[in-house]
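Dear colleague,

I am passing on the structure we spoke about, together with some notes on what was found in it. Please have it open beside this message as you read.

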Amino acid sequence: MTRPSASGRIEVICGCMFSGKTEELIRRMRQVNIARQPFRIFSPRRDTRYGSSKITSHIGTSQAAYPIDSICEIPGLIDEHTQVVAIDELHFLIDSPEVIVQTCQDLADRHLRVIVAGLDQDFRAHPFPPMAGLLAIAEQVTKLYAICVRCGAYATRSQRLINGLPAPLDAPTLVVGGSEMYEARCRACHELAPPLHE
Ligand SMILES: [Zn+2]
């Protein structure tokens with residue numbers, strides 16, 4: 001049997017907030033560790049929720065990670081023995097979508113197993129462009145769901161709240177926050193306030 005790392009591939013773990021993306025990434029890396037495949041986990045510095053030298057799921061499990069700003073740092077942080085590269089919270093990288101997609105392609109073409117986790121939609125329910133690109137080219141896609149806090153249906157959207165009210169359409173796309181600022185919601189319960197600035 002061919003081992004999963006024997007040829008390069010891209011795996012995407014996506015979904016809304018609180019859907020268990022980091023937990024799934026940690027689960028896969030635990031198996032990589034058991035298989036004794038050399039690996040590196042990377043976490044964007046912009047995600048300051050837990051300290052970026054590790055990745056931590058909402059249920060508290062964690063793994064050591066290298067903090068990066070740009071995906072372009074990764075080739076210089078791996079060596080010829082590395083078989084698996086994992087990137088958590090992909091949407092926080094500073095690079096353009098084209099650079100993110102191409103760097104993942106290059107790593108997979110170098111026979112690395114590349115596992116990325118991140119939001120597929122922003123708080124407006126618009127696709128995050130780098131994730132949309134990776135979803136199209138990935139060998140394996142895992143879309144996870146949370147539970148809507150309003151109605152109990154499967155949630156696919158990240159509801160941003162400002163003082164308990166829906167964020168306006170023209171609010172900044174990336175704002176780091178946890179359960180004080182975000183809720184998992186389904187399509188029917190997701191809300192946006194009108195833009196503050198015309
Ligand atoms: Zn709902």
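Is cysteine 151 buried, partly exposed or exposed? Before the reply, please keep in mind that this is a predicted model. Cysteine 151 has a relative accessibility of 46%, and because the partly exposed class covers what lies between under 20% for buried and over 50% for exposed, this residue counts as partly exposed.

Cysteine 151 also belongs to the zinc site, where the protein donors are the SG atoms of Cys148, Cys151, Cys186 and Cys189, lying 2.3 to 2.4 Å from the ion. The angles among the 4 donor atoms run from 101 to 118°, and the site is tetrahedral. For comparison, the ideal angle for four tetrahedral donors is 109.5 degrees. Along the chain, the donors follow the spacing C-x2-C-x34-C-x2-C. Cysteine 151 sits in the loop between β9 (146-147) and β10 (154-155), while cysteine 189 sits in the segment after β13 (182-185), so this pair ties together parts that are 38 residues apart in sequence. Cysteine 189, for its part, is buried, with a relative accessible area of 16%.

Strand β10 brings us to the surface, since that strand is the place of tyrosine 154, a residue that is exposed at a relative accessible area of 64%. Together with Tyr145 and Ile147, Tyr154 makes a nonpolar surface patch of about 380 Å².

Leucine 161, found in strand β11 (residues 157-162), is by contrast buried, with a relative accessible area of 11%. Leaving aside neighbours within four places in sequence, leucine 161 is in contact with Pro166, Met181, Glu183 and Arg185. Histidine 58 and leucine 161 are 103 residues apart in sequence, and their C-alpha atoms are 18 Å apart in space.

The last residue to point out is aspartate 88, which lies in the loop between β6 (84-87) and α3 (97-109). Why does aspartate 88 count as buried? The reason is that its relative accessibility is 4%, and buried means under 20%. When neighbours within four places in sequence are left aside, the contacts of aspartate 88 are Thr22, Leu25, Phe42, Ser43, Pro44, Ile55 and Ala117.

With kind regards

Note on methods. Residues are numbered from 1 along each chain as its sequence is written. This is a predicted model: local features need pLDDT of at least 70, side-chain atom pairs count only at pLDDT 80 or more; totals for chains, interfaces and linings use all residues. Side-chain values use heavy atoms; hydrogens and water are left out. Donors are N, O and S atoms within 2.8 Å of the metal (3.2 Å for Na, K and Ca); water is not among the atoms, so sites may look incomplete. Four donors count as tetrahedral if all angles lie between 85 and 135 degrees; four count as square planar and six as octahedral if opposite donors are over 155 degrees apart and all others between 65 and 115; anything else is irregular. Helices (H or I, at least four residues) and strands (E, at least two) are DSSP runs, numbered from the N terminus. Buried means under 20% relative accessible area, exposed over 50%, partly exposed in between (1.4 Å probe, protein chains only). Contact means heavy atoms within 4.5 Å. Patches are made of residues with over 30% relative accessible area and no salt bridge: like charges are joined within 9 Å, nonpolar side chains (Val, Leu, Ile, Met, Phe, Trp, Tyr) within 5 Å. Accessible areas come from the Shrake-Rupley method with a 1.4 Å probe; for residues, only the protein chains shown count as cover. A salt bridge is a side-chain nitrogen of Lys or Arg within 4 Å of a carboxyl oxygen of Asp or Glu.
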